[in-house]
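Biologist: Could you take one charged residue, look closely at its place in the model, and then follow the theme of charge pairing outward from there? Please go slowly, as a first-year student will be reading along.

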Amino acid sequence: MKLERLALSLSGGGYRAAAFHLGVLTFLHRIDLLRNVRAISTASGGSIAAAFYAHALARGESFEQFSDRFKKFLLDVDVIDEALSRGGKLITAAADVYATVIDTTLGDLQRSNDHLEELSFNATDFAHGVAFRFVKTRSTRVRCGNNYVRVEPEVAEKIRVADAVAASSCFPGAFEPIVFPTDFHLPGTSETPLMDGGIYDNSGIEALLLIRERCDLDAILVCDADATETPLYREPPIRGGGFVRVWFMALLLALVDAAAFVATWQSRHRPLPALFCAFIALALTTLFIVAFRASRRHRPLLWRRAMRLTVRDLVRAIVLRASSVIALSSRVFMRRMRGLIYARAFRTSTDVIDNLIYDLVEERPTDGIRDLAKRAAAMATTLWFDDEKTMHELIEVGEITTCFNLLRVLDDERCLEAWAEFKKRHP
């Protein structure tokens with residue numbers, strides 16, 4: 001297979017993905033293929049790695065400078081903690097954290113004369129349920145945004161790369177949506193909420209399929225750091241039982257509510273503790289009343305059933321429903337979307353090379369390599385590292401996996417030498 005014009009898709013997965021993708025880039029640089037990369041499409045954690053690399057190219061840095069600076073960022077910066085310390089909206093604070101080390105705009109990347117002809121940081125448009133892309137491109141017809149929101153070049157060139165990364169890695173639960181253009185400090189009246197690109201396409205493949213229609217590419221290397229958690233849903237270990245019934249707890253709350261208000265009325269010197277108790281009791285009592293009225297109107301049997309449950313049984317029922325909805329939205333649904341996009345990519349082309357973080361777990365070239373890959377693939381999706389060893393293992397897994405998968409399509413002496421070295425290091 002010819003790899004003179006190569007494209008990379010860098011998947012999401014927080015710092016796990018960012019370090020794995022750094023390993024991919026490191027191995028491509030080692031065998032002198034990185035300069036052949038003409039297009040990169042990213043989501044979430046992959047956007048962090050690509051942004052650092054594109055920033056380094058725009059500044060004229062060497063690969064070693066880029067690698068050292070990126071490793072230092074991954075080790076030293078906990079994005080969540082740093083953002084919380086800044087105050088204000090969490091996602092815009094996270095964008096400011098990225099901006100301390102990535103101080104370029106899309107215009108800077110567009111003007112940079114380097115080997116990257118096409119670059120797409122992918123987010124999800126929550127208003128329309130489609131992709132929203134921040135791009136560097138050689139095409140005069142392509143715009144940032146999507147068919148609903150087209151960002152003109154004079155506006156796009158002012159977008160901070162850090163804001164594009166924040167939008168692409170804005171995963172639900174940890175962050176609130178980032179609103180374009182308001183949170184980007186750009187003019188405009190039509191507000192569009194954006195979130196993690198992994199919601200729509202966690203592998204970033206779809207953007208590359210579009211790029212391939214307008215750009216000559218020899219192959220697409222799909223670098224996927226998706227976690228290998230199976231099964232996708234586990235029932236929480238919450239036991240039912242108990243003896244305190246919900247109706248009794250509701251009555252008790254009403255009595256506490258009344259007692260707290262009486263104490264507040266009688267207390268002259270210390271009313272705040274009593275007021276606090278009264279407020280909590282009133283809020284919980286109001287919740288019960290609202291639930292009672294809604295159930296009496298729509299589901300009277302549900303209300304009577306809930307009142308007869310024990311408090312522990314009610315908590316268990318709520319947790320089971322909430323955990324299954326979270327699993328559906330964050331794992332099952334995303335796995336289904338990933339499968340559909342993969343099927344489309346491999347059905348329409350023979351030049352797609354899969355490069356998955358758990359390939360070495362399944363193929364098991366040596367026990368040492370398998371154990372290394374298994375530890376790497378099991379890391380949680382976070383925006384911090386607990387220790388330096390985990391980061392270095394993920395980077396090495398990215399290198400070894402890329403070497404392993406390129407050897408399937410490329411007869412290269414440098415790959416063979418590297419593979420022998422990897423097997424010797426991890427027998």
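**A close look at R38 and other paired charges**

Modeller: I will come to the charges in a moment, but a strand that returns later in the account is a useful place to begin. This is a predicted model, and in it strand β10, residues 352–356, is largely enclosed by the rest of the structure, because four of its five residues are buried. Strand β10 runs parallel to strand β9, which covers residues 219–224, and five bridges join the two. One of the pairings can be named residue by residue, since I220 has V352 in β10 as its bridge partner.

Now to R38, the residue for the close look, which sits in strand β2, residues 37–43. R38 has a relative accessible area of 17%, and because buried means under 20%, it is classed as buried. Leaving aside residues up to four places away in sequence, R38 touches E4, R5 and L6, then H115, L116, E117 and E118, and also L217. One of these contacts, E117, deserves particular attention here.

Side chains of opposite charge can pair when their charged atoms come close. R38 and E117 form a salt bridge of this kind, in which the closest N and O atoms are 3.6 Å apart. Since R38 belongs to strand β2 while E117 lies in the loop between α6 (106–111) and β3 (118–125), the pair ties together parts that are 79 residues apart in sequence. E117, with a relative accessibility of 12%, counts as buried, and R38 counts as buried too, at 17%. The pairing also belongs to a wider arrangement, for R5, R38, E117 and R138 are linked in a network of salt bridges.

A search of the whole structure finds 27 salt bridges, and two others can be set beside the one made by R38. In one of them K89 is paired with D183, and the closest N and O atoms are 2.5 Å apart. K89 lies in the loop between α4 (79–86) and α5 (90–99), whereas D183 lies in the loop between β7 (178–180) and β8 (192–196), so this pair ties together parts that are 94 residues apart in sequence. The surroundings of the two partners can be described separately: K89 is partly exposed, with a relative accessible area of 28%, while D183 counts as buried at 12% relative accessibility.

The other example leads back to the strand described at the start, for R408 forms a salt bridge with D354, the closest N and O atoms being 3.1 Å apart. D354 is in strand β10 and R408 is in the loop between α17 (388–406) and α18 (413–425), so that the pair links distant parts of the chain, 54 residues apart.

Two further features round out the picture, and the first concerns cysteines. A disulfide is counted when two cysteine sulfur atoms are within 2.5 Å of each other, and by this rule the count comes to zero. Among the cysteines, C144 counts as buried at 4% relative accessibility, and C223 is buried as well, with a relative accessible area of 0%.

The second feature is at the surface, where L328, V332 and F333 make a nonpolar patch of about 260 Å². F333 has its place in helix α14, residues 311–348, and with a relative accessible area of 40% F333 is partly exposed.

How values were computed. Residues numbered from 1 in each chain as written. Predicted model: local features only at pLDDT ≥ 70, side-chain atom pairs only at ≥ 80, totals over all residues. Heavy atoms only, no water. Patch = residues over 30% accessible without salt bridge, like charges linked within 9 Å, V, L, I, M, F, W, Y side chains within 5 Å. Areas by Shrake-Rupley, 256 points an atom, 1.4 Å probe, with all protein chains shown as cover. Salt bridge = Lys/Arg side-chain N within 4 Å of Asp/Glu carboxyl O. Buried < 20%, exposed > 50% of the residue type's maximum accessible area, 1.4 Å probe, protein only. Pairing = 2+ DSSP bridges. Contact = heavy atoms within 4.5 Å.
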